[in-house]
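Please open the model in the viewer and display it as a cartoon. The tour below proceeds by selection.

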Amino acid sequence: MSKRQNFSTSTLCPVCGTRCRTLESDQVTPLYREVHYQCRNDDCTFMFVASITPVRTIVPPKVENPNVVIPRLSRGHHGTSHAT
Ligand SMILES: [Zn+2]
């Protein structure tokens, strides 16, 4: 049985689903990166900017940077969302 692994960093066009070309990326802050994408589909040619930001810690970093605060992994499986 073969696992399906998608380690590609490329992004699919949100409109037509075609793989996008990375035009440029800009590290705005240590926690915020913008990537410019262009859809490879000639009938679409959608160009857009996507943001990349850490949202959750899987393995905490072994070094510390006081300027960077990454959200820690929350304990437990079920989130405590209060629907009020
Ligand atoms: Zn497209």
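Begin with the open sheet of three strands, whose order is 1-2-3 with antiparallel pairing. Strands here are DSSP runs (E, at least two residues), numbered from the N terminus, and two strands pair if DSSP finds at least two bridges between them. Select residues 20-29 for strand 1 and 47-52 for strand 3: these stand at the edges with a single partner strand each, so one side of each has no neighbour in the sheet. On average, neighbouring strands are turned by 20° against each other, direction ignored; the axes behind this angle are lines fitted to C-alpha atoms, and angles run from 0 to 180 degrees between N-to-C directions.

This is a predicted model, in which local features need pLDDT of at least 70, side-chain atom pairs count only at pLDDT 80 or more, and totals for chains, interfaces and linings use all residues. Residue numbers start from 1 along each chain as its sequence is written.

Next, select strand 1 together with strand 2: eight bridges join this antiparallel pair. A hairpin connects the two strands through two residues. Within the pair, Thr-22 lies opposite Tyr-37 of strand 2.

Then move to strand 2 (residues 32-39) and strand 3, an antiparallel pair joined by six bridges. Select Glu-34, which stands opposite Ser-51 in strand 3. Finally, select His-36, whose bridge partner in strand 3 is Val-49. When side chains are displayed, recall that in a regular strand they alternate between the two faces of the sheet.

Conventions
Helices (H or I, at least four residues) and strands (E, at least two) are DSSP runs, numbered from the N terminus.
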